[in-house]
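Welcome to this tour. Please have your viewer ready, with selection by residue number switched on, and follow along one stop at a time.

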Amino acid sequence: MKKTKSSNKREGNVFDRIFRENADPLFIPIIEEQLGKKIKSYKALPEKFQKTVEREVDFLYDVTFEDGTRRILHLEFQTEDDKQMIYRMGFYHGLAWYKYKTPIWHVVIYLGKGEAKMRTQLTPDEIFDGFDLINIHQLNTETLLSSQVPEIILLALLSDFEPQRIEAVLRLIIKKLKKVSRSKSDLSKYLQQLIILSRLRNFDEEATKIIEAMPVIYDIETDYLYKRGLGKGREEQRKEGLEKQRKQLEETVTRCLEQGLDYPVISAITGLTETEIKEIDEKRKSKKS
């Protein structure tokens with residue numbers, strides 16, 4: 001089904017909310033590690049800017065000079081010696097460049113009395129000269145999984161692993177989240193976020209199935225999946241669900257064994273003990289014989 005613009009916006013808002021909730025513990029360490037700059041302290045500032053600057057410029061012209069070069073001429077008339085004028089012009093510059101993508105020539109004509117003392121040039125620190133880029137999809141999966149910070153572990157879902165590894169990566173993420181979460185409610189929150197983030201790589205169906213198939217690791221009656229109607233709440237349905245989970249786990253173990261993975265690796269992927277994996281392996285061998 002084709003997504004509408006409104007549904008894309010709602011989904012984008014969900015992702016934005018997750019990143020905003022996790023911004024401090026998630027992105028500060030990532031920025032330090034990727035860009036090599038240690039941050040001594042920080043505090044959050046308001047995200048929204050006040051819209052007090054008038055956005056309508058006085059005049060804009062598309063001009064061509066005798067040498068053939070072309071510019072956008074931005075002309076402003078000023079009756080007061082405004083100390084903030086340099087910043088207003090910088091603001092206008094960003095808007096004009098965003099719209100026209102053409103070099104801009106800014107001219108202010110002062111109509112006030114006396115000498116204008118307003119600044120006409122930005123200092124080097126005030127000039128926008130680009131930005132650093134961190135590509136989450138190029139981050140190393142194992143590095144993210146080795147973190148003790150749940151929010152960073154979640155990012156492993158968006159890292160550089162091959163699509164065929166999705167099941168193993170998802171299971172490792174869940175296993176690690178179980179280990180580092182401080183409470184069942186925290187774990188439930190991170191699992192919710194895991195399913196939502198998995199939509200960014202179209203892995204939400206796999207994530208949901210794996211979480212359903214995992215051993216009961218938190219109160220099923222308070223978790224996200226239960227609230228979506230996957231739990232139902234009745235004891236007999238709960239037992240059926242656990243049996244289904246066990247069967248799916250055994251199928252996963254069997255596939256891993258057939259691919260030649262050893263017990264410790266399978267244990268890390270599934271959350272089962274090596275003894276349980278050995279029992280499944282012996283049952284598999286007896287069926288073959």
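We will go from the whole chain to its strands, then to a few single residues and charged pairs.

**Stop 1: the whole chain**

Begin by showing everything as a cartoon, and keep in mind that this is a predicted model. The protein chain holds 12 helices and three strands. Of its 289 residues, 31% are buried. Switch on the surface, and you are looking at about 20,100 Å² of exposed area, with carbon and sulfur atoms supplying 52% of it. Among contacts between residues at least 6 apart in sequence, 57% join residues at least 24 apart.

**Stop 2: colour by confidence**

Now colour the chain by pLDDT. The mean is 78, and 75% of the residues reach 70 or more. Which element has the highest mean pLDDT, and which the lowest? Strand β3 (residues 104–110) comes out highest at 93, while helix α9 (residues 224–230) is lowest at 48. Select residues 216–226 next: pLDDT is below 50 over this stretch, although the model gives it 32 contacts beyond near neighbours in sequence. Residues 230–234 also stay under 50, with nine contacts beyond four places in sequence. Where pLDDT is low, the predicted coordinates should not be read in detail.

**Stop 3: the three strands**

Select strand β1 (residues 59–64) together with β2, which covers residues 70–78. How do β1 and β2 pair, parallel or antiparallel? The pairing is antiparallel, over six bridges. To see some partners, show F59 and its bridge partner L75 in β2, then L60, which stands opposite H74.

Five residues lie between the two strands of this hairpin, and G68 there takes a positive phi near 95°.

Add β3 to the selection. Strands β2 and β3 run parallel and are joined by seven bridges. Click on H74 again: on this side, H74 stands opposite H106 in β3. In a regular strand the side chains alternate between the two faces of the sheet.

**Stop 4: a nonpolar patch**

Show the side chains of F59, Y61, F77, I109 and L111, which make a nonpolar surface patch of about 440 Å². Zoom in on F77, a residue of strand β2. F77 counts as partly exposed because its relative accessible area is 34%, between the 20% and 50% cut-offs.

**Stop 5: R71 and its surroundings**

Stay in strand β2 and select R71. What does R71 touch, leaving aside residues up to four places away in sequence? The list is Y61, D62, V63, F65, T102, P103 and I104. Try a distance from R71 to Y61: their C-alpha atoms are 8.2 Å apart, and the two residues are 10 apart in sequence. R71 is partly exposed, at 29% relative accessibility.

**Stop 6: an unusual backbone angle**

Move to the loop between α3 (85–100) and β3, and pick K101. Its phi is near 55°, a positive value in a residue other than glycine. Most residues other than glycine have a negative phi, and most peptide bonds are trans. K101 is exposed, with a relative accessible area of 54%.

**Stop 7: charged pairs**

The model has nine salt bridges in total, and we will visit some of them. Start with D82 and R88, whose side chains meet in a salt bridge at 3.8 Å, N to O. R88 is partly exposed, at 23% relative accessibility.

Next, select K283 and E250, where the closest N and O atoms are 3.6 Å apart. This pair links distant parts of the chain: K283 belongs to helix α12 (residues 274–288) and E250 to helix α10 (residues 235–258), 33 residues apart. Partly exposed is the right word for K283, at 40%, and for E250, at 21%.

Finish with R284 and D281, a salt bridge with its closest N and O atoms 2.8 Å apart. Because R284 and D281 are three residues apart in helix α12, about one helical turn separates them. Are these two buried or exposed? R284 is buried, with a relative accessible area of 17%, and D281 is buried too, at 5%. Add K285 to the view as your last selection: salt bridges that share partners join D281, R284 and K285 into one network.

Conventions
Residues are numbered from 1 along each chain as its sequence is written. This is a predicted model: local features need pLDDT of at least 70, side-chain atom pairs count only at pLDDT 80 or more; totals for chains, interfaces and linings use all residues. Side-chain values use heavy atoms; hydrogens and water are left out. Patches are made of residues with over 30% relative accessible area and no salt bridge: like charges are joined within 9 Å, nonpolar side chains (Val, Leu, Ile, Met, Phe, Trp, Tyr) within 5 Å. Accessible areas come from the Shrake-Rupley method with a 1.4 Å probe; for residues, only the protein chains shown count as cover. A salt bridge is a side-chain nitrogen of Lys or Arg within 4 Å of a carboxyl oxygen of Asp or Glu. Helices (H or I, at least four residues) and strands (E, at least two) are DSSP runs, numbered from the N terminus. Buried means under 20% relative accessible area, exposed over 50%, partly exposed in between (1.4 Å probe, protein chains only). pLDDT is the predictor's confidence in each residue, from 0 to 100. Contact means heavy atoms within 4.5 Å. Two strands pair if DSSP finds at least two bridges between them.
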